[in-house]
Structures are given as C-alpha cells and as structure tokens.
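Morning, everyone. I'll walk you through one model today. Please have the structure open in front of you.

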Amino acid sequence: MLLLLLLSVLLEPMVELMYLGKEKIVLGTALGNAARSAKDRSLIYEFHRDLDASVDEEKFVEYFAEAFGDALKLTWTNQGLSMRELTFASANGKYNDFTVTVEFKEEMNEATGQLVTEVELKAQSEYKFQTKYLQLAEDAGQDVAYQLESERMLILSVKN
C-alpha cells in the first residue's frame, strides 16, 4: 500500500509535465495559426503595387483575436480598449486568463527598398494544473505556479 502511494506521488508530476508539454504545443499552434490568418487578411492591398507590406493594425488585431479565441475557446474581454495588449478569458474554464501583447514595426529593407512589417506576438497565462496532487498543492498556498508562454514573430513582405 505504501509503495502504491509513493508511486502515485512520483508519477503525478510526470503526468503533469506531459499535460504541460501538450498545452505548450496547443498554445504555440493556436498563436501561429491565428497570426498567419490575420496576416493574410490584414495586408493593405493598395501598397502591393510598390511591393510594400503595410498592415492595417486594427484589422490584424481583430482577425487575430477572433482566430486565437476560436482555437482555444476563449473570449476577448478587452475588445475595443487596447490594440497592443489583448486579454482573453476561457469560455469553458480550461485555462486561466491569457494576455497577448502585439507589437508592430515597419522598416525599409535596404537591399530591395521595400517596406517590411514585423509583428511580434507574445501570449502568457498562468498554467492551470490538471492533476489532483498539484491542484491541492496550489490550493494549499505552495509556490507551484507556472507561466505558460509562447512567442511568434512574423516578417511580412511582398514578393514580385
């Protein structure tokens, strides 16, 4: 009986690490897919003639928030308040609140003379534990908090 209890105490953190790895992959995939979707839909087509990649930042944020929220079943809670720091709440209670920061940087490519836009995205949330052992440790006030993070950078350019 003691051996069974000892094994469960040792195995639960390993199982939690597997859950954590899965959640990191899901977050990274959702962030990347939402960014690509927003990129494709928010380029300003009037600038394509000069092969410049200029982005309508407001449309990018709206498209990104919609796709990111749909991927993880989140709702955008500060819609219309900030276009640089987005907050999302879980619709099904699976996640804690997410904060996504969006930074745009336009610069001229010296080699081609084209306008290139860089978009940096960073998503953060406090990880919500899945196994009972670590949930109990968190509820007891132990410092077991883990920050779930993912970052993506898009470089937008128009090719001829």
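**The sheet and its helices**

Let's start with the sheet. Five strands make up an open sheet, ordered β1-β2-β3-β4-β5, and they pair antiparallel. β1 and β5 are the edge strands, each pairing on one side only. On average, neighbouring strands here are turned by 25° against each other, direction ignored. One caution: this is a predicted model.

A quick reminder on pairing. Strands in a sheet pair through backbone hydrogen bonds, in a parallel or an antiparallel way.

Now go strand by strand. β1 and β2 run antiparallel, joined by three bridges. Find tryptophan 76: opposite it, in β2, stands phenylalanine 88. Stay on phenylalanine 88 and look the other way. It faces phenylalanine 98 in β3. Next to that, threonine 87 has threonine 99 of β3 as its bridge partner. In total, four bridges hold β2 and β3 in their antiparallel pairing.

Move on to β3 and β4. How many bridges join these two strands? The count is 11, and the strands run antiparallel. One example is valine 100, whose bridge partner in β4 is alanine 123. The two strands form a hairpin, with six residues between them. Look in the turn for glycine 113, which has a positive phi of about 75°.

While we are in β4, pick out threonine 117. Buried or exposed? Its relative accessibility is 1%, and the cut-off for buried is under 20%, so threonine 117 counts as buried. What touches it, beyond its neighbours within four places in sequence? Ala53, Ser54 and Val55 are among the contacts of threonine 117. So are Lys105 and Glu106. Leu154, Ile155 and Leu156 complete the list.

Now the helices. α1 first. It has 41 residues and reaches 60 Å from first C-alpha to last, close to the 60 Å expected at 1.5 Å a residue. α1 lies across β3, β4 and β5, and runs at about 30° to β5. α2 packs on the sheet too, touching β1, β2, β3, β4 and β5. The direction of α2 makes about 145° with that of β3.

Which residues of α1 are buried? They include Leu20, Leu27 and Leu31, along with Ala30, Ala34, Ala35 and Ala38. Glu16 and Glu23 are also on the buried list for α1.

Then α2, residues 57-72. This helix has 16 residues and reaches 22 Å between its first and last C-alpha, close to the 22 Å expected at 1.5 Å a residue. Its buried residues are Phe60, Val61, Phe64, Ala65, Phe68, Gly69 and Leu72. Looking down the axis of α2, these buried residues fall within an arc of 145°, so they line one face of the helix. What covers them? The cover includes α1 and the strands β1, β2, β3, β4 and β5.

Check both ends of α2. At the N-terminal end, aspartate 56 is the cap. A side-chain oxygen of aspartate 56 lies 3.3 Å from the backbone nitrogen of glutamate 58. Just after the helix comes lysine 73, with a positive phi of about 60°.

To recap: one open antiparallel sheet of five strands, with α2 packed on it and α1 lying across β3, β4 and β5. Over to you.

Methods
Residues numbered from 1 in each chain as written. Predicted model: local features only at pLDDT ≥ 70, side-chain atom pairs only at ≥ 80, totals over all residues. Heavy atoms only, no water. Expected span 1.5 Å × (residues − 1). Buried < 20%, exposed > 50% of the residue type's maximum accessible area, 1.4 Å probe, protein only. Arc of directions from axis to C-beta. Contact = heavy atoms within 4.5 Å. Polar contact = N/O pair within 3.5 Å; in protein donor to acceptor, adjacent residues only side chain to side chain. Pairing = 2+ DSSP bridges. Axes fitted to C-alpha atoms, helices over the stretch in contact; angles between N-to-C directions.
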